[in-house]
Every structure is written in structure tokens, then in C-alpha cells.
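Work through the exercises below with the sequence and the coordinates at hand, and try each task before reading its solution.

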Amino acid sequence: MSATGIGAAVRRKEDFRFITGKGQYTDDINRPGQTYIHFVRSPHAHAKIRKIDSAEASKMPGVVAVLTGKDLANDKIGNLICGWAITSKDGTPMKMSAHPAIAADKANHVGDAVAVVIAETLGQAKDAGENVKVDYEVLPAVADPAKAQAKGAPLIHDIAPNNTIYNWHLGDQKATEAAFASAKHVTKLDIVNNRLVPNAMEPRAALADYDAGNDALTLWNTSQNPHVARLVIAAFVGMAPEHKLRVIAPDVGGGFGSKIFIYPEEVVCLWASRKVNRPVKWNSDRSEAFLTDAHGRDHVTHAEMAFDADGKITGLRAKTIANLGAYMSTFSSSVPTYLYATLLSGQYGIPAIYCEVDAVYTNTVPVDAYRGAGRPEATFVVERLVEVGAREMGVDPADLRKKNFVKAFPHATPVIMTYDAGDYAASLKKAQEIADIKGFGKRKRDSARNGKLRGMGYSTYIEACGIAPSQAVGSLGAGVGLWESAEVRVNPTGSVEVLTGSHSHGQGHETTFAQLVSERLGIPIENISIVHGDTDKVQFGMGTYGSRSGAVGMSAIVKALDKVEAKAKKVAAFMLEAAETDIEFKDGKFTVAGTDKSAAFGDVALNAYIAHKFTGAELEPGLKEGAFYDPTNFTFPAGCHICEVEIDPETGITEVVGWTAVDDFGVVINPMIVEGQVHGGIAQGVGQALYEGTVYDKDGQLVTGSYMDYAMPRADYLPSFKVDTTVTKCPSNPLGMKGCGEAGAIAAPAAVINAITDALGTEDIAMPATPAAVWRAIQKHPTRHAAE
Amino acid sequence: MPKVSMTVNGNAVTAEADARTLLVQYLRESLRLTGTHVGCDTSQCGACVVHVDGKAIKSCTMFAWQAEGANVQTIEGLAKDGKLHPMQEAFRENHGLQCGFCTPGMIMTAVDLVHRKGNNLDEKTIREELEGNICRCTGYHNIVKSIAAGAKAMA
């Protein structure tokens, strides 16, 4: 292993600009003559728009224009779309409502835009916004997914009776019923997977600049996938032809899924820029972010697991209601279906699984993919059922898991997926050692002496990452292919630019991708630049989410590097006057096999461009190759997390006192970065389990709409984590990588709740397990923990 | 519009700012010092922390005119003569940042913490002192490590 190659903990190349304040985030970019846009948003969860009077606002100082949904419709700007088609079990398509970027007739959630003001300064735009008079007819609203389908619930979209978007199912219902009929033991749980607000620290932003001379538009925005944004805004919204629209996602301050989607604000900025013929800038307030960034999770589930007399799992069934909010966001439909039910087998060999999912509209912010997207929900169902099942049957939860682990690969589950590689027992064993589970009894007794309750919880999770191959996702309803592309440009001086369709918003691609190139070409990491996030520079790309940048994005780079090496060998053959087949490439040097004749990579690059050693008929000059890579399967990262908590029964405060994570991510490029990804994921998962509760009142008002009310995990809410790995290579991509971005967020909630319920002796606790909730559970079940 | 003058990173500066212009807006928009970030609107996240007359403050909680005549230091002024500040080095060395958005505020808070509490900071102290700085990427693990190391290096 070289100091900058695969497996080395290389310090990040991108950090210098971030630690010196020289990052370039969207809001740091300004255009000459730019105006500022302010969105006037509905304060009501559900209201007809009778009339909008903008006369007074239009006359206020600095106001350039006041525009409404009617103006948008008059200009024939198309609706936003959901790009993944789901079919109900009766064969009918999902009920996708119209989603205009500015509501013209009816507002469907608090925060739905109803007008915009464009002005010389942001202050002027906001002042004028106060004077846009909207006459609303307030309608009854529904925010609770469990109540959305009830008789008499307010109807949100005519296209969707009972507010139902689809009734979908997966698996063999008959076989599953049979498994339950013959079960020795059945464990049943009612689960609410709480709604979360993603809260990337950089709020979303957009800056649109219309170039009247070329009738072309440029958009800087906070996107995880600028090419997909351009495609949707061109092809579906109809803003401009694809070649007349440039989308640039510069430094992006975190995404966690919430910046995948195509949002109303960027569409409106583009449209407004052309309309006022000036650049238009929008930067979300945090309060606005709470009301407009797609939220995550929000499932209500009843789940059951069947066991035979030996404790083998024989069946699993689940019925889930998934809240998709007021409109179907870009990939919302896929999250509670193909990213959820397909993972209900967990790490276990389960012969029969059946899952039904009803997706519903409510008068809330749209819900879409958030770190893990469907897989945390599935893991929570499976890992809670196994844990509770073990407790009910009086067996050790780790032993029950081991007994049911998949041990032979490939393993086809009854819910589409074929696991390709793994060693689940190895991760569990290592985690148990690091967590010192043998010492738990003593620690528990020590806690008890201090009047505290101690508990330990496991979560042995699996996820499907790499989100691909294209043909497979296409057959499941995806509107796009999910390959990735790369271009490797070798300059005449031997430095290299890699253009990638992946997008880094904290993941460190400028470092890890360069490590791959450094290792392959034997050149210093300083001589490599990674270029991403600009549709004018990068050929095409599907962006970054679902831990696909390593497994898919880097695989595309590998393919392009293979081509570069092949071409460079041809050049070297001419330089060294040898047969191409005799040229060997190692450590940045081309050598004629069996001789001391060699040429350095830089010399070969120069010769490829000066082209003096060969004729145009013999070889094409230049050294630049591109590749598209479509993998053969998803990847299946898996691992074991063990959480240890201590609870103060007097206050209900839960302290996470120990965290061990042993994950199998396949081959790791940079262990420092991988550990960082695991830390962040765990923090978000612990946030879901203990702190983050998104609360809507019965009228659809978001009660937790700021950092005053929504409990973001702070440094003193969390412990340091013990993080380690085991490795089984992924056979589905050339580097053997699986992906690490979501693992912590997927594993953590079940581990925390399993630990808390272990401490309390009752399963009756919902997320977030706030001090109030834990205290109430203790009061409700006082004898359980006292019996310890 | 009234003019507001102060010293920023050692330079005397003057720019127009109306009565409601926040210090962070003055820095970002009038001076184009965009290293100081805005991550919330309720003074919780700490992405906008700068030093005013040697003390860490959230520049979203102060009007520009309130800093008239003050000595302000932002993340851009921390490295001296092309050499990174030890706390900046510590964040890079310990992978104390991912997306980088909260980082300027974290580093400015950390430097102030060392000034107040010294060079030997235990984990508990660091975590408690970070109550006013939110990070969504790192889970704080490596930020805590970075600050402990940076504090030592500042000795």
C-alpha cells in the first residue's frame, strides 16, 4: 500500500479551502446585477387561494416584480414530478397529483409557495412580501398518516380518493400466512418510525442567471445530482432545452438525501430570471428549510415475526402506512416500497415475507429519501422483532440472530434481493469483543448501585447500496438509469483531471477518487484533480446518494483508467520501439518486459500529445478516455452495532454510554473518511431514536419548526464511538467496495431502542425516546425494571 | 445609507449598512468575506461565530452598527503569513470536518474556548462548550478530537 493509495488514511485534499473560509457554497456566489427573491408561503396547511392582491407590494421600494402561480401557469411552466412509478396491487398506477412550483388554486401544506417577490435587496423583497395580500379560504387539514385514509378525512387531491397514492405489496402472501399458521411463536409489534427533518447545515439555495444573448440559463444550486436536476427541469418542467441549461452544484454543505430532489424554488428562480432578465438569488432561511426541505421516514407499521420450535424465523409480515406529505417529491414513491420492503429479510434466512404498503397524502411537507431511505425503517422493523422475539422466548438475542444469519452466498431472499457476500457472524463476534459484553453484567450492577438502569441493544443490519443496476431499477419503476460516468483526462505534463458524475457534499471524493488514480497511475496525489458538479464540464452523471459514489462512481473511473492504460501502452510501445504486448505498466513506469528500457508516465503523456513518435494513421494522438459503468447488482453492506445506555429513572434521561460499530463495507479506500461517515450516521440514528421528533398539530401546523423546538443532536448528547470493520469483498464491482454512507443511520435507531427497552423491561416506548417518554414508560410499567 | 467602520482581520474597513443589517450580512455581503456562514435564524447553529474584540460571538445576533469601531476576526484572518493556525491544522489532521459548512464557526469557537479554558481540555468540557455549534456530518467525534489536539498545539 502506498502512502496515498487505496487503504491509506490520506488527509483530505479539499480541507484547506474549508478550514480557511475559502469554500464556495451557492450563497457565496454573486452575479452582477443580481436581484433577490422572497417566497410568500401559505400559513395554512390546507386552504383555497381565492385572490392575491399584489398591487401595494408591487409599488414598494426596490420591487422588480411580484409573480404568482397564475403567471407561472400562463408561461406554461410544467409541474414537478415524481420519477419512480409504483403500481398498486390492483394494477392501477400511483395517483400522482399536479405539483406546480407555485400553488395557484390551493395551498396543501404550511410553507407551500403562493407568490414571489423579486427586489433589489433581500430586505426589500421581504418587506414587500408582507404586503402581498392573499385571501384564503381555510379548509380542514389532515397531518397524521394513520388518519389520512379515514372516512371523512379532508381530500387533498381529487386524483387520490381517501388520500391514497397506492396500495402496494411485495412477497408471497399465501406462503407467509402458512408460515404463521404453523408457527410455534409469533412476535407482534406496532411501530411508528418518526418523521425527521434532514437539516444539512447549509440551507438550500439557488442562483439563476439568464443570458438573453444566447437564450440560455445557468443555475447554481445546492444539489447532490446536478445532471438529474437539469434533465428534469428541461424535459419535464420545460424550462429550457437541456443544452441551454447549465446546472452547477459547487461546494454543497451536506445533503443526506434532501438535496437530491428537484424543488420548486430552483424552478421559480430560473423562470423569474428570464422574466426579469436579471440574475435571481434565493437562500433558504432555516425556518423556511423546515417548511420546504423534503422530510424523512414517517411510517406507521404493524409487523409480526413467526418462529418455529427451534427459534428459526419462518415468516415475517408487515403492514405499513407511509406518509408522503402534500405532494409526491422526486423519488418519494420508491422509499417505502423498493428501498424498504426489499430489505425486510435483514441478515436472516427467512423463507416467507409479505409486506403491504399504503402511501398517503397529508397536509404536510413532502417526504422523500433521507439518509438510508427505507432501509432504516426496514432495519428497525426486523431488529426490533428479533430482539423482542428473543426476549419473549427467553433466549439470548445474539444467539437468536446467529442461528438465523444467512451463511451461504449468493442468497436469494423472498423479497427480490440476492445478497452476494457477507460474514454476519464475524461482525457480530468482533463487535461483542470490542463492546466487552462479558463485562456488561458487572456494569449493570454498578449502575444499579447508583440508582441507574443499564441496558444493551444490538442491531445487526443490512442495506442495499450502490443503487443500480439500471435494468433492475427500471423493471421496478425507476424513470432513470442508475449507472455512473467518468472521464480521465491526462494532460501533456502528466497531471490528471478526473471528471465524475458523482457529487461530493462532504464525502471527500476529491481525496478518495484521487487515491484510486494515484494508485493506478503511480503519480503523486497532488497531480490529480477531481472535477464534479457542473453540467458544462462533466459529460453526464447520476449524482451521489445511497452510497453509490464508491461502488458505482469509482468503478466508472476504474473503467476509464483501464482505457487510459491501454492507450498509454500503445504510445509507450512507439517510444520504446517495442511490441505493445511487451509493455508492462507498474508504479508509474512503462517497461519493455525483460529489459531495462522504460518510460515514465509523464513522458508517455507528453508523447501522446506531441505525437512525434507515431503517425496519425498508426495511432490517434491524445490521452483522454471516458467510461460509463453499470454494475451487476446492488451492494450489501452489513454489520453489527451494539449500544449501551444508562437511564436515570428519576428524570428519564437516557445517556448513551457505549457504542460499538463493526461494519463490513468491503474494500475500504480511506479508513479515516469511512470512520467519519460511520460517526455521522450513528449521530443521525441516535438523533432519531432519542431526540428528533417532528410534530404537527391537528391543524397541520409544524410545531417543531426551528432549532428552538427540533432537537438536533449536540456534541454533549453523544459519546465517542468505537468503530471497526470486517471485510468481505463485494463481487459486483471491480474494487470490491460496498459503501458506508448510510450504515450508522440504518443501524442505530434499533440498537438504541433495544438498549432502552432492555434497561426498562418494557417494549412500550416510541421514538424519540425523550426523557419525558422514558419517564412515562417507567411510571406505566413500574415493576418491570424494579424486578431486575 | 449610514456607513459603519470597523477593523476586520487587521484591516480598517468602511461600508454602508442600514440599521437592520446584521454583522454577518455586513461581513458576507459588504466585505465579501463568505467564510462566515449562516445555518439558522434562531442563533443556535454557530456557523456564523467570529471574534469581536477577542470574544467569540454569533455574528447573526449582532447588528453591524453595534460593531462600529470594533476589532473583528473571521475565519479568513486566522492563518497568519500563509501559515495555518494550529486549530485549523488540527481539524484537517483529525478529519474534524466533512461538508465544511459548520467548520469556520467550529474553529472560531474552539480557539475562543482555548483562550478561556486553557490548553488541556477534556472530552466532557469540549462537548459541553460546543452546545452552541451544530454539526450534522461528523457526529462530533472527530471535532472533539480536533479541538483537544488543537488546544495542545496552541500551547
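The exercises that follow treat one residue, one helix and one interface.

The model is predicted, so local features need pLDDT of at least 70 and side-chain atom pairs count only at pLDDT 80 or more, while totals for chains, interfaces and linings use all residues. Residues are numbered from 1 along each chain as its sequence is written, and chains are lettered from A and ligands numbered from 1 in the order in which they are written.

**Exercise 1.** Locate A:A160 and determine whether A:A160 is buried or exposed.

*Solution.* Begin with the place of A:A160, which is the loop between α5 (145–148) and β7 (164–171) of chain A; helices (H or I, at least four residues) and strands (E, at least two) are DSSP runs, numbered from the N terminus. Next, count neighbours: A:A160 is buried because 20 other C-beta atoms lie within 10 Å, where buried requires 20 or more such atoms, exposed 12 or fewer, and partly exposed a count in between, with C-beta atoms placed from the backbone. Finally, leaving out residues up to four places away in sequence, A:A160 touches A:K95, A:S97, A:I165 and A:Y361, contact being C-beta atoms, placed from the backbone, within 7 Å.

**Exercise 2.** Explain why helix α7 of chain A is largely enclosed.

*Solution.* Of the ten residues in α7 (residues 226–235) of chain A, eight are buried, so the rest of the structure largely encloses this helix. The cover over its buried residues includes β10 (216–221), β11 (245–248) and α8 (264–276) of chain A.

**Exercise 3.** Describe the contact between chains A and B.

*Solution.* Chain B gives 44 residues and chain A gives 42 residues. On the chain B side, α2 (86–93), α3 (103–117), α4 (123–129) and α5 (141–153) each supply at least two residues.

Conventions
Contact = placed C-beta atoms within 7 Å.
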